[in-house]
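Thanks, I'll keep this short. Please have the sequence and the model up while I talk.

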Amino acid sequence: MKIREKFRELFGGGGEIYAAPGRINLIGEHTDYNSGYVFPGAIDKAIYCMIKPNIKDKVRAFAIDENPDKVSQYSEFGLQEEDIPVDRWAKYIFGTAREMIKSGAAIEGFDVVVSGDVPLGAGMSSSAALECSIGYALNDIFKAGFDKMQIAKTGQAAEHNYIGVKCGIMDQFASCFGDAGNLIRLDCRNMKYEYYPFDPKGYKLVLINTMVSHALGSEYNDRRASCERAVEELRKVHPHVKTLRDANLITLKEISGRISEEDYMRAEYVIEEKTRVIDVCLFLDRGYYEGVGRMMYETHAGLRDKYTVSCPELDFLNDRAKEYGVTGSRMMGGGFGGCTINLVKEDLYGEFVSRTTADYEKRFGIIPEVYDVVIGDGARKL
Ligand code: GLA
């Protein structure tokens, strides 16, 4: 394993290896920070870290997968607030450690090498995977006593405070709580969750990567702000409304004209998506995959037309899926690039994948990567 070799070369022997996976999300997009439901699962692709305490008060970190022509692969930093490193990848490590320290953990200097096979910027949460693998590892080696939920929340806080993305909890939750073969329905209002065995007979889940890589930032925060503005107005009429979870299409109508058209459409999408997740659960219970697929298409349309987080490449893939008779398809994750997730009948799979990749290459001049979804385990020590 290259991570071992690199670790030995840079820091000598010793060290433990930890892994935390990326995630897929069947449905429930941009609902987590609105206290709605999400339906993610961990995947069999992870970010690994090899780590050991270094008896110094410094972190020495190396990222194998970063491109040395663009950023430095090596970073050295302290653990005080002012020691924040420059490179984004290192900020995730620093931020996770800092958040743990702020919550009372006695984290000291460590040496770490990170690497993995979660495609970066592909909407499969490579950043949450990095935060959770570091969080899980630090928790273990410094005996911080955090549970999985605390590790997930630490990752989210790192993202908020050191990267500037006001993300919800879905990605870090899935990375920590993943369980092979199971999707997880999480209620982001009270953090109650339920495992759903997912093995749709006769169907496959497949991701197609637009190869448009996008690090979430201001556009994401901007969507969140729209939701918050809608809530602020709603609350003037219905004081019990704390988040869009507490609103419905009728209450939303009452404030039409009092928020911008843009904010209104975004809020409308979130309210509709909340119901779609519940419908999908009912459909899954009955093995009615056509219904699941229909909801996925509806989600895509909502994300494209109302939430406006899609892009031409994602829409192209979604249109091809529809044209080729795929049961369900939609963009997945924060948006602006990354993958579509497709629920496709096994006997259509080969044809769909080969035709779509050829069409995409012809249109955009780039071959999209295709990943069969294997639902794997959450963060762990290897
Ligand atoms: C990103 C965020 C998540 C979630 C999704 C959209 O992945 O990190 O919290 O909001 O976008 O569903």
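Glu272 belongs to helix α8, which covers residues 261–285. This is a predicted model, so please hear every value as computed. Is Glu272 buried, exposed or partly exposed? Its relative accessibility is 21%, and buried means under 20%, so Glu272 counts as partly exposed. Along the chain, Glu272 and Thr31 are 241 residues apart, yet 10.0 Å separates their C-alpha atoms.

Now the ligand. The ligand is found in the largest pocket. Around the ligand there are 13 residues, and the closest are Glu29, His30, Asp32, Asp171 and Tyr220. By type, the shell splits into five nonpolar, four polar and four charged residues.

Which atoms of Asp171, Tyr220 and Gly334 approach the ligand? For Asp171, a polar side-chain atom is 2.7 Å from a ligand oxygen atom. Tyr220 also places a polar side-chain atom by an oxygen atom of the ligand, at 2.6 Å. With Gly334 the partner is a backbone N or O atom, 3.3 Å from an oxygen atom of the ligand. How much of the ligand does the protein bury? The ligand alone exposes 310 Å², and 96% of that is buried by the protein.

Last, helix α5, residues 170–177. This helix is mostly covered, with seven of its eight residues buried. Those buried residues are Met170, Gln172, Phe173, Ala174, Ser175, Cys176 and Phe177. Asp171, from the ligand contacts, is among the closest residues to the ligand.

That is what I have.

How values were computed. Residues numbered from 1 in each chain as written. Predicted model: local features only at pLDDT ≥ 70, side-chain atom pairs only at ≥ 80, totals over all residues. Heavy atoms only, no water. Near = heavy atom within 4 Å. Polar contact = N/O pair within 3.5 Å; in protein donor to acceptor, adjacent residues only side chain to side chain. Areas by Shrake-Rupley, 256 points an atom, 1.4 Å probe, with all protein chains shown as cover. 1 Å grid on protein atoms, 1.4 Å probe; cavity = no way out; pocket = protein on both sides within 12 Å on 5 of 7 lines; lining within 4 Å. Sits in = over half its atoms within 2 Å of the grid points. Nonpolar A, V, L, I, M, F, W, Y, C, P; charged D, E, K, R; others polar. Buried < 20%, exposed > 50% of the residue type's maximum accessible area, 1.4 Å probe, protein only. Helix = DSSP H or I, 4+ residues; strand = E, 2+ residues; numbered from the N terminus.
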